[in-house]
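Thanks for sharing this one with me. Here are a few notes to read alongside the model, starting with its pockets and moving on to its strands.

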Amino acid sequence: MSSFAPELQTLQERLQAAKRITVLTGAGISAASGVPTFRGDGGLWRNHRSQDLATPQAFERDPKLVWEFYQWRRNKVSHCRPNAAHEVLAEWSRHPDGFQLITQNVDGLHELADTRNVVRFHGTLWELSCWRRCPESPQSWEDRSDSLPPLPQCPFCGGLARPAVVWFGEPIAPHVLQNAAAALHCDVFITIGTSALVYPAAGLIEQAAREGAYTAEINPEATPASRFVDLPIAASAEKFLPLLEKFRI
Ligand code: OAD
């Protein structure tokens, strides 16, 4: 790991001097836990690209197919455990005044690692909502069942239920946007394991940089963000984050 020594020292110094730290995570942080990323190997399900099924149009057309995909993902994730990278962030989050996590992941592994102050930018696999947004139903409700029916129903109106995740083309809830925007007022902003391709989440990195945060990226592959962050680190999250372990907020 000595090859990371300069990056490690720079980031450690920045973190030590920082009063507020914000981390943005994407699918790559869960890769070592066995959760397939969206755009990497394993991003295909029965020859469908994940991003083609994660749309309201796909659900309108074939809700059974989309639910089958989500049941498969729920089942897969239910056997996954947080990895060393999730654990480091969970430890940092125990100092909630100085730490905020924004995740695009819907797998719930940050929560399973007992991470506090999590902004779930794209919702969660473990909640459902009413497809027609009937007035009786809350915004979403928890359902961790491993044997959902092929077409789960809204318990409030009897209509179709859907996974409470944000699909392509759908807006991010205003309170989530607000919490994420507040988290951008930080001294250090680290983006971890995201391809930085999907907006508005990817825009948070640019915005944090514009607002004056020192920005770092942890990703074994280059992304559009690698070009403008202050410190691109070509490493996997589960290897690099534990190296920062000596650092304590
Ligand atoms: P992607 O699948 O687009 O990108 C995963 C990123 O993780 C890639 O840049 C990989 O290089 C990187 N990666 C892989 N293994 C890693 C490791 N061990 N450590 C660190 N990084 C690693 O996933 P996201 O960027 O999260 O949206 O995708 C963004 C959004 O698009 C998702 O939230 C989802 C998706 O379609 C919705 O569902 C709305």
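1. A word on terms before the pockets: helices (H or I, at least four residues) and strands (E, at least two) are DSSP runs, numbered from the N terminus. Please also keep in mind that this is a predicted model.

2. With those labels, α2 (50–53), α4 (63–78) and α9 (237–243) each supply at least two residues to the lining of the largest pocket. The top contributor is α4, with three residues.

3. The volume of this largest pocket is about 930 Å³. It is lined by 44 residues, and those closest to its centre are Ala 27, Thr 37, Phe 38, Arg 39 and Ser 195. By class, the lining of the largest pocket comprises 22 nonpolar, 16 polar and six charged residues.

4. The second largest pocket comes to about 580 Å³. Its lining counts 24 residues, with Gly 123, Gln 139, Ala 164, Val 166 and Ala 173 nearest the centre. Two or more lining residues come from each of β5 (118–120), β6 (123–130), β8 (161–165) and α7 (174–183). The classes here are 12 nonpolar, seven polar and five charged.

5. Now to the strands. Three of them form an open sheet in the order β7-β6-β8, with antiparallel pairing. At the edges are β7 (141–142) and β8, each of which pairs on one side only.

6. How many bridges join β6 to β8? There are four, and the two strands run antiparallel. For a place to look, Leu 128 has Pro 163 in β8 as its bridge partner.

7. Finally, α4 turns up again here: this helix lies across β6 and β8, and runs at about 145° to β6.

Note on methods. Residues are numbered from 1 along each chain as its sequence is written. This is a predicted model: local features need pLDDT of at least 70, side-chain atom pairs count only at pLDDT 80 or more; totals for chains, interfaces and linings use all residues. Side-chain values use heavy atoms; hydrogens and water are left out. On a 1 Å grid over the protein atoms alone, a cavity is a set of points where a 1.4 Å probe fits but cannot get out, and a pocket is an open set with protein on both sides within 12 Å along at least five of seven lines; lining residues have an atom within 4 Å of a point. Grid points are joined across faces, edges and corners, and a volume is the space filled by probe spheres set on the points. Ala, Val, Leu, Ile, Met, Phe, Trp, Tyr, Cys and Pro count as nonpolar, Asp, Glu, Lys and Arg as charged, and the others, Gly among them, as polar. Two strands pair if DSSP finds at least two bridges between them. Contact means heavy atoms within 4.5 Å. Axes are lines fitted to C-alpha atoms, for helices over the stretch in contact, and angles run from 0 to 180 degrees between N-to-C directions.
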